[in-house]
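Work through the following exercises with the sequence and the structure side by side. Each one sets a task and then takes the solution step by step.

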Amino acid sequence: MSRPRAVPPDCVEPSTLTAAIRARRGGHLLNLDRTLLLSTPLAGAWNDYLAVIRGGLSVEPKLREIAICGVAILNGAEYEFLQHEPEFRRAGGTALAAQRLREFSTATAYPEIFNAVERAVIALTTQMTNYIDVDDETWQELRTALPNPQAQVEIVAIIATYNMVSRFLIACQIEPEAELQPLDAYD
C-alpha cells in the first residue's frame, strides 16, 4: 500500500509557509516537511510549534537531544535519530555517548558517560515512551537532578512531542534524506 507522496523538494507554495520552513531548516525542505506540506494548516502549526520546542525552551540542548535520540531509538524511528544525533554531537555529546544512545535501554548504566541529569532524562524518556506513565521513583530522580519545575515540564513536553514526530514518520514511512547515513563509528 502506498503512503502519502511528498510535495517536490523545490515546492514554493504556499510561499510564506515554505519560506518559514526553509528558514528554520537552513534553506531546504526535509522529507518530513515535504510530507507535512500535503496539509498546509498542519505544516504551519507543526513548524511554529517545533520552532519553540527546538529553540524556545530553557532545557539545555544536550538534554533535549538525548531525549529526542532516545525516543527515536525506542520507537524505531531511524529518520529521527539520523536527524538528531548530529545535533546531540553539536550540543557537546561525544561519539561514544552517541553510540550508547543507540543502545538507549542500557544508557543509564554508563555514569562515566552520562551525568546524573542526563541519566534522569534517559530514564524519563524510557518510561514516557515505553509506558506513558512515569513512576514516582523516576520522577523523583528527575526532580533531584533537574530541580527547576520549568525545565521538568519542558523536558516532558520535548519527549511527548518527539513521540508524536516518530509516530508520524513511521506511519507515513518517511525515508531519511539521501545524504544522512549512520556514522561509521557504530559499525
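**Exercise 1. Locate Ser166, decide whether this residue is buried or exposed, and list its contacts beyond its sequence neighbours.**

Solution. Begin with the position: Ser166 belongs to helix 9. Bear in mind throughout that the model is a predicted one.

Next, take the accessibility, which is 0% in relative terms for Ser166, so that this residue counts as buried, the cut-off being under 20%.

Finally, set aside the neighbours within four places in sequence; Ser166 is then in contact with Val71, Asn75, Ala77 and Glu80.

**Exercise 2. Describe how helix 5 packs on helix 9, and say which residues meet there.**

Solution. Two packed helices are described by the angle between their axes and by the distance between those axes. For helix 5, which spans residues 78-90, and helix 9, the angle is about 125 degrees and the axes are 8 Å apart.

The orientation follows from the angle: angles over 145 degrees count as roughly antiparallel and those from 65 to 115 as roughly perpendicular, and helix 5 and helix 9 are therefore oblique to each other.

Now turn to the side chains and name the partners, which are Tyr79, Glu80 and His84 in helix 5 and Tyr162, Val165, Ser166 and Leu169 in helix 9. Sorted by class, the residues of this contact between helix 5 and helix 9 comprise four nonpolar, two polar and one charged.

**Exercise 3. Carry out the analysis for helix 8 and helix 9, adding the handedness of the crossing.**

Solution. Helix 8 covers residues 136-145 and helix 9 covers residues 149-171; their axes lie 9 Å apart, and the packing angle is about 125 degrees. Helix 8 and helix 9 are therefore oblique to each other.

As for handedness, the crossing in which helix 8 passes helix 9 is right-handed. On the side of helix 8 the contact is made by Trp139, Leu142 and Arg143, and on the side of helix 9 by Gln152, Ile155 and Val156. These residues of the contact of helix 8 with helix 9 divide into four nonpolar, one polar and one charged.

**Exercise 4. Work out the orientation of helix 5 and helix 6, and then the make-up of their contact.**

Solution. Helix 6 spans residues 95-102, and its axis comes within 10 Å of that of helix 5, the two crossing at roughly 155 degrees. Since an angle over 145 degrees counts as roughly antiparallel, helix 5 is roughly antiparallel to helix 6. The crossing of helix 5 and helix 6 is right-handed.

Helix 5 contributes Glu78, Phe81, Leu82, Glu85, Phe88 and Arg89 to the contact, while helix 6 contributes Ala95, Ala97, Ala98, Leu101 and Arg102. By class, the contact of helix 5 with helix 6 holds seven nonpolar and four charged residues, and no polar ones.

**Exercise 5. Establish how many disulfides the structure holds, and examine Cys11 and Cys172.**

Solution. A disulfide is a covalent bond between the sulfur atoms of two cysteines. The structure holds zero disulfides. Cys11 is in none, and the nearest cysteine sulfur, which belongs to Cys172, is 16 Å away. Cys172 is likewise in no disulfide, its nearest cysteine sulfur being that of Cys11.

To complete the picture, consider accessibility: Cys11 counts as buried at 13% relative accessibility, and Cys172 counts as buried at 14%.

**Exercise 6. Find the cis peptide bond, and then describe the backbone and surroundings of Ile132 and Gln173.**

Solution. The cis peptide bond joins Glu13 and Pro14, with an omega of about -5 degrees, and Pro14 lies in the segment before helix 1, which covers 15-24.

Ile132 is not a glycine, and yet its phi is positive, at about 70 degrees. Ile132 sits in the loop between helix 7 (116-131) and helix 8, and it is exposed, with a relative accessible area of 71%.

Gln173, also not a glycine, has a positive phi of about 50 degrees. Gln173 is in the segment after helix 9, and with a relative accessible area of 46% it is partly exposed.

Methods
Residues numbered from 1 in each chain as written. Predicted model: local features only at pLDDT ≥ 70, side-chain atom pairs only at ≥ 80, totals over all residues. Heavy atoms only, no water. Axes fitted to C-alpha atoms, helices over the stretch in contact; angles between N-to-C directions. Helix = DSSP H or I, 4+ residues; strand = E, 2+ residues; numbered from the N terminus. Parallel < 35°, antiparallel > 145°, perpendicular 65-115°, else oblique. Left-handed = near helix turned anticlockwise from the far one by under 90°. Contact = heavy atoms within 4.5 Å. Nonpolar A, V, L, I, M, F, W, Y, C, P; charged D, E, K, R; others polar. Disulfide = S-S within 2.5 Å. Buried < 20%, exposed > 50% of the residue type's maximum accessible area, 1.4 Å probe, protein only.
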